[in-house]
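Me: I'd like a close look at a single part of this model, and at how it sits among its surroundings. Could you take me through it step by step?

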Amino acid sequence: MTIKIMIAVILGLAAGAFFLEGEPAFLGSALDLGLCLLLFFVGIDIGKNKDVGRQMKEIGLKAVTTPLLVATGTIAGSIVFGKLFGYSAKDASLLGAGFGWYTLSPIIIAPYSAELSALSFLANVTREVLAIISIPLVAKYIGYTEAVAPAGATAMDTTLPIVAGATDAQTAIVSFVTGLVLSLSVPVIIPIFIGL
C-alpha cells in the first residue's frame with residue numbers, strides 16, 4: 001500500500017509540475033469528492049462487520065486513551081525537538097498542537113506569530129505526508145492501535161482509509177474517534193497555549 005500511495009503522490013506532483021498550469025477550477029471539488037468517496041467506502045467496510053456494536057464496547061477505553069496519548073506524545077515531542085532548534089516550550093507546543101491539521105492551526109497562530117504560523121503549516125503538512133508513508137509500516141511492525149498515532153487529527157479523514165486498509169475495522173473506529181477528538185481539540189488547545 002505504501003508503494004501505491006507514493007506512486008500516486010509522485011504522479012500527482014508530476015502532473016502539477018509539468019501538465020497543469022495554475023490551479024484548475026475543478027481541483028477543489030475533485031478533492032472533496034475523492035475524500036468523500038474514500039470515507040464512504042471505509043464506512044461500508046466498517047458497517048459490513050456485524051460485530052461492530054460489540055467492538056464498540058470492546059474499544060471503550062481505547063477511544064479515550066488513544067487521542068489522549070497521541071496528543072500528549074505530540075506536544076512532548078514538539079517541546080523536545082523545539083528545544084533542539086532553539087524554540088521555547090510555548091512556541092514548540094504551538095507547532096505540535098495542530099496535530100496534523102495544517103489548514104486551521106496556522107490561521108489561529110498567525111496573529112501571535114507569522115513565523116510560527118508558517119512553521120506550523122510546514123510541520124503539519126510534513127506530519128500528514130509522513131503518516132501516509134508510515135501507517136502501513138507501523139501497523140505491520142509495531143501494532144494496529146499504534147498505527148493511528150502518526151495520523152493525528154487526519155485520522156478521521158485523509159488518512160482514515162490508509163489506517164483502515166493497513167489494520168482492521170476496530171482500529172478504523174479508534175482512528176475515526178481519535179481524529180475527531182484531536183480535531184475538536186485544535187481550536188481549544190492552541191489559544192490556551194498562546195495565552196500562557
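At what angle do the axes of helix H4 (residues 89-96) and helix H8 (residues 169-195) cross, and within what distance do they come?

Reply: Happy to. Please keep in mind that this is a predicted model, in which local features need pLDDT of at least 70 and side-chain atom pairs count only at pLDDT 80 or more, while totals for chains, interfaces and linings use all residues. Residues are numbered from 1 along each chain as its sequence is written, and side-chain values use heavy atoms, with hydrogens and water left out.

The axes of H4 and H8 cross at roughly 170° and come within 9 Å of each other. (Axes are lines fitted to C-alpha atoms, for helices over the stretch in contact, and angles run from 0 to 180 degrees between N-to-C directions.) H4 is therefore roughly antiparallel to H8; angles under 35 degrees count as roughly parallel, over 145 as roughly antiparallel, 65 to 115 as roughly perpendicular and the rest as oblique. On the H4 side, Lys-90, Ser-93 and Leu-94 take part, and they meet Ile-190, Phe-193 and Ile-194 of H8; contact means heavy atoms within 4.5 Å. By type, the residues of this H4 and H8 contact are four nonpolar, one polar and one charged. (Ala, Val, Leu, Ile, Met, Phe, Trp, Tyr, Cys and Pro count as nonpolar, Asp, Glu, Lys and Arg as charged, and the others, Gly among them, as polar.)

H4 has another partner in helix H6 (residues 114-141): their axes are 8 Å apart and pack at an angle of about 45°. That angle makes H4 oblique to H6. Here H4 contributes Asp-91, Leu-94 and Leu-95, while H6 brings Leu-116, Leu-119, Ser-120, Ala-123 and Asn-124. The H4 and H6 contact is made up of five nonpolar residues, two polar and one charged. Leu-94 thus appears in the contact with H8 and in the contact with H6.

How covered is H4 itself? Six of its eight residues are buried, so H4 is mostly covered. The buried ones are Asp-91, Ala-92, Ser-93, Leu-94, Leu-95 and Gly-96. (Buried means under 20% relative accessible area, exposed over 50%, partly exposed in between, with a 1.4 Å probe and protein chains only.) Across the chain of 196 residues, 38% count as buried.

Leu-94 also turns up in the largest nonpolar core, which has 14 residues; Leu-94, Phe-99, Leu-182 and Ile-190 have the most contacts inside it. (A nonpolar core is a set of buried Ala, Val, Leu, Ile, Met, Phe, Trp, Tyr and Cys residues joined through side-chain atoms within 4.5 Å.) Helix H3 (52-84), H4 and H8 are the elements that give two or more residues to this core, and H8 supplies the largest share, four residues. A separate core of twelve residues includes Ala-131, Ile-132, Ile-135 and Val-148. Back in the largest core, Leu-182 is in contact with Pro-67, Val-70, Ala-71, Phe-99, Gly-152 and Ala-153, leaving aside neighbours within four places in sequence.

Phe-99, one of those partners of Leu-182, deserves a moment. Phe-99 sits in the loop between H4 and helix H5 (105-109), and its relative accessible area is 0%, so it counts as buried. The phi of Phe-99 is near 50°, a positive value in a residue other than glycine. For background, most residues other than glycine have a negative phi.

A little further along is Ala-110, in the loop between H5 and H6. Ala-110 is partly exposed, because its relative accessibility is 36%. From Ala-110 to Ser-120 the C-alpha separation is 9.5 Å, across ten residues of sequence; Ser-120 is one of the H6 residues that touch H4.

To place all this in the whole chain, there are eight helices and zero strands. (Helices, H or I with at least four residues, and strands, E with at least two, are DSSP runs numbered from the N terminus.) The pattern along the sequence reads α-α-α-α-α-α-α-α. Among contacts between residues at least 6 apart in sequence, 67% join residues at least 24 apart.
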